Amino acid sequence: MTVPAILSGGLSGGLSRRGLLKTGAAVGGGLLVAVSFPRGHADAAGTGTPGVFAPDAFIRIGRDGLVTLVMAQVEMGQGTHTSIPMLIAEELDVTLDHVRLEEAPPDDAKYGNPIFQIQMTGGSTSIRALWLPMRKAGASARALLVGAAAKGWGVDPTSCRTLAGVVYHDASGRKAEYGSLVDRASGMTPPANPLLKPASAFRLLGTPAKRLDTADKVNGKAVYGIDAMPISVKFASLACSPVLGGKVAHVDQTQALAVKGVRQVVVLDDMVAVVGDHMWAAKQGLDALVIEWAEGANAAVDSDGIWQALAAAGDKPGVTVKKTGDQAKLGGDGLIEARYELPFLAHAALEPMNCTVHVRPDGCELWVGTQVATNAVRIAAKETGLRVDQIKLNNHLIGGGFGRRLEVDGIGKAVRIAMKVDGPVKVVWTREEDIARSTYRPVYHNRMSARLENGKPVAWSQRIVGSAIIARFLPPAFKDGIDIDAVDGATELPYDLPNFHLDYVRHEPVGVDTCFWRGVGPNSNIFSAECFMDRLAKEAGADPVAFRRSLLGHSPRALGVLDLVTAKAGWGGALPARSGRGVCLQSAFGSFIACVAEVAVDEDGEVRVSRLTVAVDCGSIVNPDTIAAQLQGGMIFGLTAALHGNITLARGRVEQSNYHDYRMLRINETPRIEVHIIPSTEAPGGIGEPGTVVVQPAVANAVYAATGVQMTRMPIDRKLLKA
């Protein structure tokens with residue numbers, strides 16, 4: 001996601017303001033190092049010291065030499081619980097074995113993501129946001145420990161060196177472990193500008209360090225939200241109206257209460273929950289209920305109507321997002337035009353949606369895996385009427401987020417159910433309930449037009465039509481009618497396009513709540529731009545790669561990934577009939593990535609993706625294994641969407657319900673995936689989302705090359721590809 005304009009005008013600007021400012025007194029016999037972020041947080045915290053900002057994260061070093069990192073970022077498989085400790089360990093000169101993690105409590109002022117200024121994990125921002133602050137924290141702590149050792153030895157600190165948690169003075173042969181220095185170091189003043197290592201001195205960053213969370217996940221010790229089991233917990237299964245937005249009209253509880261193990265039926269205005277001794281009883285009780293629903297105003301909503309309304313909204317004038325050059329070239333005869341559309345998508349995370357809640361008169365405790373800790377606390381406070389400081393959150397590992405756990409609607413529902421239950425209750429959504437009555441990736445409609453002169457596009461225009469998630473999720477970032485997420489990926493194309501126009505039309509689909517989905521706004525815009533680029537190449541009679549190369553004179557990093565991926569993929573080599581290669585080039589999330597997909601289309605229109613090759617320049621590398629894993633997982637996720645992803649509605653009801661009709665990519669469909677990483681000393685870019693984004697247009701373009709049929713709406717429609 002693009003950095004909100006309100007947040008300092010860009011990521012690099014935000015980072016430059018950060019500093020590491022103070023060390024506190026010894027805590028529990030250890031050295032406490034506070035990491036501080038920019039002005040907004042300082043003002044909120046009110047430290048009262050000019051130029052001193054409130055802390056956002058803490059490092060604690062004990063007398064045992066162990067480093068505790070208070071971790072504000074959640075782990076949902078993306079590897080932050082290894083990569084962020086690597087930043088500190090590198091500058092502190094300790095091994096990862098010295099680092100322990102401790103969950104940060106909900107606190108935007110201390111632990112807010114510097115990009116979003118709320119405590120949030122998402123948008124491929126964790127490393128981008130913490131690259132410098134965490135390294136400075138480690139470097140400052142190291143400087144203090146060296147200073148403490150040098151003071152004790154009566155030597156110049158610059159004559160000391162560190163390695164693996166030990167300070168050495170080679171000239172005298174003395175050494176001291178960090179743990180023995182923390183008391184003295186705690187009374188010292190930290191350096192205003194701790195010296196960071198040059199990349200050439202890195203011992204840990206850039207290496208394929210083993211993930212810290214692997215062992216617990218393999219041996220079963222890892223605890224996800226669904227594993228939370230407070231004493232005397234009961235279980236609840238719930239049902240909401242099959243028509244989105246419908247209400248409960250009448251409930252017959254007789255058969256449900258007769259199920260062994262069922263303890264209670266909770267009837268609320270918009271949902272019904274059955275509470276039992278275990279999940280099976282709750283589910284059986286729910287199935288036995290007779291519920292009549294008041295379907296409400298959305299009972300006639302269907303997919304055709306949604307698409308028609310979306311397209312009609314595209315006829316309206318949009319809010320100008322960006323324009324450059326001669327706008328007259330964007331009108332008149334000779335324009336090439338196309339429309340591209342993307343459907344609703346569900347998240348369908350493997351760990352079922354769940355939230356365990358215990359509401360008492362004087363407090364409320366939550367056990368859940370959430371990407372937005374403070375939002376979770378706030379919704380619980382709102383529903384219970386308690387103060388925020390009366391809400392305790394136990395945040396857990398997340399078994400698949402993809403944006404779904406950026407939303408707190410489920411936590412709010414669980415709290416409302418728990419308010420009717422004596423004791424803690426674990427609310428678990430069935431897969432059917434989650435997929436059919438969730439929040440969804442928006443439908444998008446994009447209108448593209450361009451003018452070719454001498455085989456090159458000299459004018460480029462895009463109108464984006466879609467909902468404004470940011471307006472709801474982060475209102476201060478929604479300015480002048482522009483949703484920064486909806487236009488992300490379209491504003492800064494890597495190509496030389498001298499005459500450019502981009503506008504945005506906000507359109508909220510009737511009856512359907514929309515939210516972030518992995519890849520967020522660039523999913524729509526990169527798909528449209530890169531498919532349109534292939535269309536233009538065909539109109540120009542040019543090879544798609546050569547066509548792109550001719551437009552990259554001002555973007556050497558983009559050209560670098562394009563050249564590398566085409567070389568590795570064997571671009572231009574012969575393929576059988578009804579087979580093709582497609583390319584996609586993307587600049588988003590601070591990273592450059594290019595993908596070549598290789599597909600075969602049979603006579604029935606079935607598409608087989610046999611190979612995905614990707615080259616990435618994501619700036620400085622923290623852990624190459626994590627980068628490769630994120631791209632591989634992201635591409636599988638994106639390929640699922642390209643081949644199968646589609647949420648449709650009829651009579652106000654979502655027609656999909658589980659993995660049988662909302663397909664995930666299966667093992668036999670998974671192609672060979674090759675990842676090539678370009679070394680770089682640039683600031684790190686995001687890597688969790690790009691793989692998902694880049695694969696969809698690459699596959700669509702490969703199908704175009706194989707069949708001559710361009711897919712203008714995802715998922716791929718096999719009916720259009722029959723021989």
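Is E91 buried or exposed in this predicted model? E91 is buried, because its relative accessible area is 2% and a residue counts as buried when that value is under 20%.

**View 1. The surroundings of E91 in helix α3.** The residue shown here, E91, belongs to helix α3, and its relative accessible area of 2% places it among the buried residues. When the neighbours within four places in sequence are left aside, E91 is in contact with R135, G138, A139 and R142, and also with L195, L196, K197 and F202. As a guide to distance across the model, the C-alpha atom of E91 is separated by 27 Å from that of L631, which lies 540 residues apart from E91 along the chain.

**View 2. The crossing of helices α3 and α5.** Two packed helices are described by the angle between their axes and the distance between the axes. In this view the axes of α3, residues 80–92, and α5, residues 126–153, come within 6 Å and cross at roughly 35 degrees, and the crossing is right-handed. On the α3 side the residues that take part are T80, S83, I84, L87, I88, E91 and L92, and they meet a set of residues in α5 that includes I127, W131, M134, R135, R142 and L145. Sorted by class, this contact has 11 nonpolar, 4 polar and 3 charged residues. An α-helix has 3.6 residues a turn, so residues three or four places apart point the same way.

**View 3. The five-stranded open sheet and the helices that lie across it.** Strands of a sheet pair through backbone hydrogen bonds, either parallel or antiparallel. Here 5 strands form an open sheet with mixed pairing, in the order β14-β22-β21-β20-β15. The edge strands, which each pair on one side only, are β14 (319–324) and β15, and the twist from one strand to the next averages 15 degrees. Within this sheet, β20 (residues 444–453) and β21 (residues 456–466) pair in the antiparallel sense over 9 bridges, and S449 can be found opposite S461 in β21. Helix α10, made of residues 303–313, lies across β15, β20, β21 and β22 (499–506) and runs at about 45 degrees to β20. Helix α15 lies across β15, β20 and β21, and runs at about 145 degrees to β15.

**View 4. An aromatic pair between strand β15 and helix α15.** A search of the whole structure finds 7 aromatic pairs, and one of them is shown here. The ring centres of Y340 and F532 are 6.4 Å apart and the ring planes stand at 65 degrees, so this pair is edge-to-face, a term that applies to planes over 60 degrees apart. Y340 is in strand β15 (residues 336–342) and F532 is in helix α15 (residues 522–540), so that the pair links distant parts of the chain, 192 residues apart. Both Y340 and F532 are buried, and together with W460 and F527 they form one aromatic cluster.

**View 5. The four-stranded open sheet and its packed helices.** In this view 4 strands form an open sheet in the order β23-β24-β25-β28, and the pairing is mixed. The edges are formed by β23 (579–588) and β28 (672–677), each of which pairs on one side only, while neighbouring strands are turned by 15 degrees against each other on average, direction ignored. Strand β25 (residues 607–617) and β28 run parallel and are joined by 6 bridges, and V616 stands opposite I677 in β28. Helix α17 (residues 556–569) packs on the sheet, where it touches β23, β24 (591–601), β25 and β28, and its direction makes about 140 degrees with that of β25. Helix α19 (residues 690–707) also packs on the sheet, touching β23, β24 and β25, with a direction about 150 degrees from that of β23.

**View 6. T566 in helix α17.** This close-up is centred on T566, which is found in helix α17 and counts as buried at 10% relative accessibility. Not counting residues up to four places away in sequence, T566 touches V545, W571 and V596. T566 and V583 are 17 residues apart in sequence, and their C-alpha atoms are 8.3 Å apart in space.

**View 7. The covered helix α12.** Helix α12, residues 409–418, is mostly covered, with 9 of its 10 residues buried. Among the buried residues of α12 are G410, K413, R416 and A418.

Definitions and conventions:
Residues are numbered from 1 along each chain as its sequence is written. This is a predicted model: local features need pLDDT of at least 70, side-chain atom pairs count only at pLDDT 80 or more; totals for chains, interfaces and linings use all residues. Side-chain values use heavy atoms; hydrogens and water are left out. Axes are lines fitted to C-alpha atoms, for helices over the stretch in contact, and angles run from 0 to 180 degrees between N-to-C directions. Helices (H or I, at least four residues) and strands (E, at least two) are DSSP runs, numbered from the N terminus. A crossing is left-handed if the near helix is turned anticlockwise from the far one by less than a right angle, and right-handed if clockwise. Contact means heavy atoms within 4.5 Å. Ala, Val, Leu, Ile, Met, Phe, Trp, Tyr, Cys and Pro count as nonpolar, Asp, Glu, Lys and Arg as charged, and the others, Gly among them, as polar. Two strands pair if DSSP finds at least two bridges between them. Rings of Phe, Tyr and Trp (its six-membered ring) pair if their centres lie within 6.5 Å; planes under 30 degrees apart count as stacked, over 60 as edge-to-face and the rest as tilted. Buried means under 20% relative accessible area, exposed over 50%, partly exposed in between (1.4 Å probe, protein chains only).
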